[in-house]
Amino acid sequence: MFAFCSDPASLDGLAWITCYLTTSKHLQLYYAVGTVLLLLAITAPAALAFGFGGAMAARAHLAPLRWFGKAYISVVRGVPDIAFFLFFVIALDQAFEWARHKVLCPDWDQPIRQGNDFVVCQAAKLPLGTAPQWVHESYGFLLAVLTFAIVFGAFAANVLFGAMRAVPRAQMETAEAYGMTRRQAFWRIMVPQMWVYALPGLGNLWMVLIKATPLLFLLGVEDIVYWARELGATANPRFTEYPHGDWRMWYFLGLMVFYLGFTRVSEVVLERLMQRLTLGQATTGGEAQRKAA
């Protein structure tokens with residue numbers, strides 16, 4: 001807070017706006033922007049890991065593993081995202097508490113399921129009631145990351161599964177003819193080439209992931225949409241030193257600019273990555289680069 005902001009009633013114009021945008025609540029909004037970026041930075045590789053595992057499971061020769069991989073892809077893709085976001089938060093939270101309950105409270109003689117209630121001993125609750133606020137926030141953020149990774153991992157698995165099938169079978173047969181094992185051919189021939197076919201789909205999935213970040217509010221995380229709505233609502237002079245009318249339109253306009261700018265930067269990065277991956281590849285993009293050179 002600037003020194004001249006101590007008396008907001010005496011301010012006007014740019015000084016008033018400057019002080020208004022540096023209040024503690026606005027700092028929460030800026031903190032929420034960092035939370036969204038951190039979520040994307042962690043969720044993207046986590047979802048890609050889930051997707052790669054799901055795609056490999058769907059291609060497995062072992063029937064139960066193959067069924068599991070295909071079921072994971074089909075079920076998650078076939079159910080609305082919001083239903084899974086609400087389901088996984090409760091399911092993961094109860095799974096963690098149940099596991100802690102079995103370890104920390106072995107003498108517990110009451111049923112955990114009591115009607116609609118899920119009751120565990122106090123030591124097994126996550127997070128503990130005595131834990132500081134940052135622990136509660138970190139735990140909610142962890143559940144959000146896992147939920148996003150599981151849901152978007154299924155879509156990534158479908159993209160990678162199709163990309164693996166797009167790699168010409170003749171190249172795999174040639175690798176095996178040169179003495180490579182099936183595992184060596186997979187990691188040295190298929191995996192390096194599949195990214196060319198997977199990147200367009202993964203790029204679209206990244207855009208969808210960016211647009212899905214407002215769902216953080218459903219998971220108990222105060223995101224930028226939550227704070228934009230709170231700060232933009234009419235502020236009564238009785239409760240704040242910075243009264244104003246309904247400014248939600250301007251706050252949401254700022255969010256729109258933020259998301260459009262972020263997606264535009266993502267498009268540029270993905271385009272350059274695509275050019276790098278297609279260089280020297282026998283694809284339409286690779287042939288275009290070869291002819292241009």
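This section describes one helix, a buried histidine and a nonpolar surface patch in a predicted model.

Helix H3 comprises 16 residues, spanning residues 63-78. The distance from its first C-alpha to its last is 22 Å, close to the 22 Å expected at 1.5 Å a residue. Within H3, the residues Gly69, Tyr72, Ile73 and Val76 are buried. These residues lie on the same side of H3, because they cover an arc of only 90° around the axis. An α-helix has 3.6 residues a turn, so residues three or four places apart point the same way. On the other side of H3, Pro64, Trp67 and Gly78 are exposed. The cover over the buried residues of H3 includes helix H2 (24-58), helix H4 (81-104) and helix H5 (133-166).

Helix H2, which contributes to this cover, also contains His26. The relative accessibility of His26 is 1%, and this residue therefore counts as buried, the cut-off being under 20%. When residues up to four places away in sequence are not counted, His26 touches Tyr20, Leu21, Leu231 and Tyr251.

A nonpolar patch is found on the surface, formed by Met249, Trp250, Leu253, Met256, Val257 and Leu260. Together, these residues present about 650 Å² of accessible area. One of them, Trp250, lies in helix H9, which runs over residues 248-278. Trp250 is classed as exposed because its relative accessible area is 54%, where the class requires over 50%.

Technical notes:
Residues numbered from 1 in each chain as written. Predicted model: local features only at pLDDT ≥ 70, side-chain atom pairs only at ≥ 80, totals over all residues. Heavy atoms only, no water. Patch = residues over 30% accessible without salt bridge, like charges linked within 9 Å, V, L, I, M, F, W, Y side chains within 5 Å. Areas by Shrake-Rupley, 256 points an atom, 1.4 Å probe, with all protein chains shown as cover. Salt bridge = Lys/Arg side-chain N within 4 Å of Asp/Glu carboxyl O. Helix = DSSP H or I, 4+ residues; strand = E, 2+ residues; numbered from the N terminus. Buried < 20%, exposed > 50% of the residue type's maximum accessible area, 1.4 Å probe, protein only. Expected span 1.5 Å × (residues − 1). Arc of directions from axis to C-beta. Contact = heavy atoms within 4.5 Å.
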